[in-house]
Amino acid sequence: MSPNDVTDRLRELRGDFDRSFTEPARQHDVEYAELLAILAGGRAYALRLSQASGVHSDRPVTPLPGPQPALLGVAGFSGAIVPVYDLAALLGHPVPERPRWLVLAAGTPPLALAFHDLDGHVRVPTSTIVGETDGHSGRDVLRGMVPLPGGTRPIVDLPSARAVVHQLTGHTTHNTEER
């Protein structure tokens with residue numbers, strides 16, 4: 001490589017570097033949604049990864065007595081004791097077997113939701129998600145539908161699920177910080 005080639009290459013790299021500051025910022029996170037395709041109570045759903053802080057399989061759950069059939073018990077996550085609710089029960093489905101997977105919802109108060117199977121991680125353009133609204137009505141935890149291979153899935157909104165759990169436990173207000 002000649003000195004002129006190196007000089008030309010440096011000029012080209014400087015031009016690319018300077019040009020990168022004049023171009024608009026990319027909106028990658030706005031254009032795509034990262035989802036987990038799951039099964040809860042034998043039905044297909046999707047969860048937004050941006051609303052979760054972790055996904056765990058086969059985590060021990062210590063049962064608790066109580067009147068809430070959806071409350072499976074508590075589990076430990078990084079030194080914190082977190083209540084675990086069955087997502088299928090929250091959605092009104094029969095619970096044929098104990099769920100294997102837990103998703104830890106981001107935000108406070110801590111909450112883990114159990115589901116039966118994890119179909120995988122998918123990235124979809126946000127433009128393909130239909131029927132998503134910001135409104136919240138009562139016990140509705142589904143926000144929008146997304147077409148995925150194998151069929152269209154409702155999207156479970158984890159902050160709304162937390163609000164439903166909060167209502168089930170007798171609280172009249174819920175944390176809207178993360179909405």
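A residue is called buried under 20% relative accessible area, exposed over 50% and partly exposed in between. These terms are used in the legends below, which describe close-up views of a predicted model.

**View 1. Asp119 of strand β8 and Arg153 of strand β10 form a salt bridge.** The closest N and O atoms of Asp119 and Arg153 are 2.7 Å apart. The pair connects distant parts of the chain, with 34 residues separating Asp119 in β8 from Arg153 in β10 (residues 151-156). Asp119 has a relative accessibility of 44% and therefore counts as partly exposed. Arg153, by contrast, has a relative accessible area of 9% and is therefore buried.

**View 2. Arg123 of strand β8 and Glu34 of strand β1 meet through their side chains in a salt bridge.** The N to O distance in this salt bridge is 2.7 Å. Arg123 and Glu34 lie 89 residues apart, and the pair thus links distant parts of the chain. Both partners are partly exposed: the relative accessible area of Arg123 is 47%, and Glu34 stands at 25% relative accessibility.

**View 3. Strands β1 and β8 pair in the antiparallel sense.** Eight bridges join β1 (residues 32-40) to β8 (residues 117-125). Within this pairing, Ala37 has Gly120 of β8 as its bridge partner. The salt bridge between Arg123 and Glu34 also connects these two strands, Arg123 lying in β8 and Glu34 in β1. In a regular strand, side chains alternate between the two faces of the sheet.

**View 4. Strands β1 and β2 form a hairpin.** The pairing of β1 with β2 (residues 43-48) is antiparallel and extends over six bridges. Leu35 is placed opposite Arg48 of β2. Two residues lie between the strands of the hairpin, and Gly41 adopts a positive phi near 65°.

**View 5. Arg11 and Asp8 form a salt bridge in helix α1.** The closest N and O atoms of Arg11 and Asp8 are 3.3 Å apart. Both residues belong to α1 (residues 3-22), where they are three residues apart, about one turn of the helix. Arg11 has a relative accessible area of 53% and is therefore exposed, whereas Asp8, with a relative accessible area of 41%, is partly exposed. A search of the whole structure finds seven salt bridges, including the pair of Arg11 and Asp8.

Note on methods. Residues numbered from 1 in each chain as written. Predicted model: local features only at pLDDT ≥ 70, side-chain atom pairs only at ≥ 80, totals over all residues. Heavy atoms only, no water. Pairing = 2+ DSSP bridges. Helix = DSSP H or I, 4+ residues; strand = E, 2+ residues; numbered from the N terminus. Salt bridge = Lys/Arg side-chain N within 4 Å of Asp/Glu carboxyl O. Buried < 20%, exposed > 50% of the residue type's maximum accessible area, 1.4 Å probe, protein only.
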